[in-house]
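Here are my notes from going through this one, in numbered points. Have a look at the chain first, then read on.

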Amino acid sequence: LFARPWVFLKGCVRVSDLPLDDVVEIAFAGRSNVGKSSLINALVGQSGLARTSNTPGRTQELNLFAPEAGGIRIVDMPGYGFAKAPKPAVEKWNRLIHQFLRGRPNLRRVYVLVDARHGPKPNDATVMNELDRAAVSYQVVLTKADKLIEKDLAGVVAATAKFIAKRPAAHPEIILTSSEKGHGIDALRTEIARLRDG
Ligand code: GTP
Ligand code: MG
């Protein structure tokens with residue numbers, strides 16, 4: 001399903017650095033430190049592919065990955081909402097994120113990652129508003145599920161469902177994941193394979 005090895009294709013600091021839009025792309029967006037790069041590594045089963053860090057602001061470019069055999073690309077995005085970063089850097093990342101999300105014709109789905117401990121925040125809503133306006137399909141993935149106990153998870157899922165209920169471009173199903181423990185990874189893989197083929 002997810003033929004290895006996956007390789008790093010390119011890091012793009014501006015949208016004009018992007019390769020041709022001739023291959024389906026799936027992007028991972030979300031607040032800084034939410035676990036985007038970790039989830040990509042878990043999905044492809046290669047722990048060192050995307051760089052991860054405990055310090056927010058690790059991913060600063062649009063990093064593109066693909067199976068060596070081709071057929072699909074995964075885009076690891078810089079995080080948003082990182083309050084401590086210098087203002088010019090934040091503005092640059094935000095511009096890059098928004099230009100990419102609005103204007104990429106081969107962007108088939110955006111996974112908007114939300115920390116299961118915190119639920120969706122105002123800057124997640126900003127990104128979703130933009131995706132709605134651009135009619136780009138997106139789906140919420142709750143991350144770090146291993147950090148919560150079962151009964152609290154149900155509450156976050158319900159609150160998140162309410163948050164996206166009236167959004168036109170939102171995929172209604174919420175995926176609960178843990179890159180650390182492997183929860184939800186197979187479900188996500190199956191979906192991405194379907195998006196690639198469909
Ligand atoms: P930026 O690139 O800075 O925006 O961050 P990111 O969203 O790519 O996050 P990254 O994958 O680098 O992970 C941030 C931190 O969260 C790291 O210390 C990871 O080990 C940790 N982390 C990621 N996923 C999980 C998870 O499922 N469970 C737990 N417990 N920790 C996780
Ligand atoms: Mg990252």
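1. Let me start with F28, bearing in mind throughout that this is a predicted model. Leaving out residues up to four places away in sequence, F28 touches K36, L39, I40, V75, D76, M77, Y111 and L113. F28 itself falls within β2 (25-30).

2. Those contacts lead straight into the nonpolar interior. The largest nonpolar core has 47 residues, and F28 is among those with the most contacts inside it, along with I40, V110, V112, L113 and L142. Which strand gives the largest share of this core? That would be β5 (residues 107-115), with six residues.

3. Now for helix α1, which spans residues 36-44. Is it mostly covered or mostly open? Mostly covered: nine of its nine residues are buried. The buried set takes in K36, S37, S38 and N41 as well as L39, I40, A42, L43 and V44. Right after α1 comes G45, with a positive phi near 70°.

4. On to ligand 1. There are 23 residues around it, and G35, S38, T52, T59 and G79 come nearest. Helix α1 gives the most to this shell, with three residues. By class, the shell has 15 polar, six charged and two nonpolar residues.

5. A few backbone spots deserve a second look. Most residues other than glycine have a negative phi, and most peptide bonds are trans. Against that, N33 has a positive phi of about 75° although it is not a glycine. N33 sits in the loop between β2 and α1. Despite that loop position, N33 is buried, because 22 other C-beta atoms lie within 10 Å and 20 or more is the cut-off.

6. K144 is another one to check. Its phi is positive too, near 60°, and K144 is not a glycine either. The residue lies in the loop between β6 (138-143) and α4 (150-164). K144 counts as buried, with 23 C-beta neighbours inside 10 Å.

7. The remaining backbone oddity is at the N-terminal end. R4 and P5 are joined by a cis peptide bond, with omega about 0°. P5 belongs to the segment before β1 (6-12).

8. T143 is worth a paragraph of its own. It is in strand β6, and it counts as buried, with 28 C-beta neighbours inside 10 Å. Setting aside neighbours within four places in sequence, T143 is in contact with V34, G35, L39, L113, V114, D115, A116 and T177. Of these, G35 is also one of the residues that come nearest to ligand 1, and L113 is one of the well-connected core residues named above. As for T190, T143 is 47 residues from it in sequence and 18 Å from it in space, C-alpha to C-alpha.

9. Over at the other end of the chain, R189 is in helix α5 (residues 185-197). Buried, exposed or partly exposed? R189 is partly exposed, since 16 other C-beta atoms lie within 10 Å, and that count falls between the limits of 12 for exposed and 20 for buried. R189 and A42 are 147 residues apart in sequence, yet their C-alpha atoms are 9.8 Å apart in space. A42 is one of the buried residues of α1.

10. Zooming out to the whole fold: the protein has five helices and seven strands. From the N terminus on, the order is β-β-α-β-β-α-β-α-β-α-β-α. Among contacts between residues at least 6 apart in sequence, 72% join residues at least 24 apart.

11. Overall dimensions next. A compact globule of 198 residues would have a radius of gyration near 16 Å, and the protein has 16 Å, so the two agree. The C-alpha atoms fill a box of roughly 45 × 40 × 35 Å along the principal axes. Of the 198 residues, 37% count as buried.

12. Last, the annotation. An unreviewed UniProt entry lists residues 22-198 as "domain: EngB-type G". In the model, that span is 37% helix and 19% strand, and its end C-alpha atoms lie 15 Å apart.

How values were computed:
Residues numbered from 1 in each chain as written. Chains lettered and ligands numbered in written order. Predicted model: local features only at pLDDT ≥ 70, side-chain atom pairs only at ≥ 80, totals over all residues. Near = placed C-beta within 6 Å. Helix = DSSP H or I, 4+ residues; strand = E, 2+ residues; numbered from the N terminus. Nonpolar A, V, L, I, M, F, W, Y, C, P; charged D, E, K, R; others polar. UniProt positions renumbered as here; feature names shortened; annotations may be inferred. Core = buried A, V, L, I, M, F, W, Y, C linked by C-beta atoms within 7 Å. Contact = placed C-beta atoms within 7 Å. Rg over C-alpha atoms; globule rule 2.2 N^0.38 Å.
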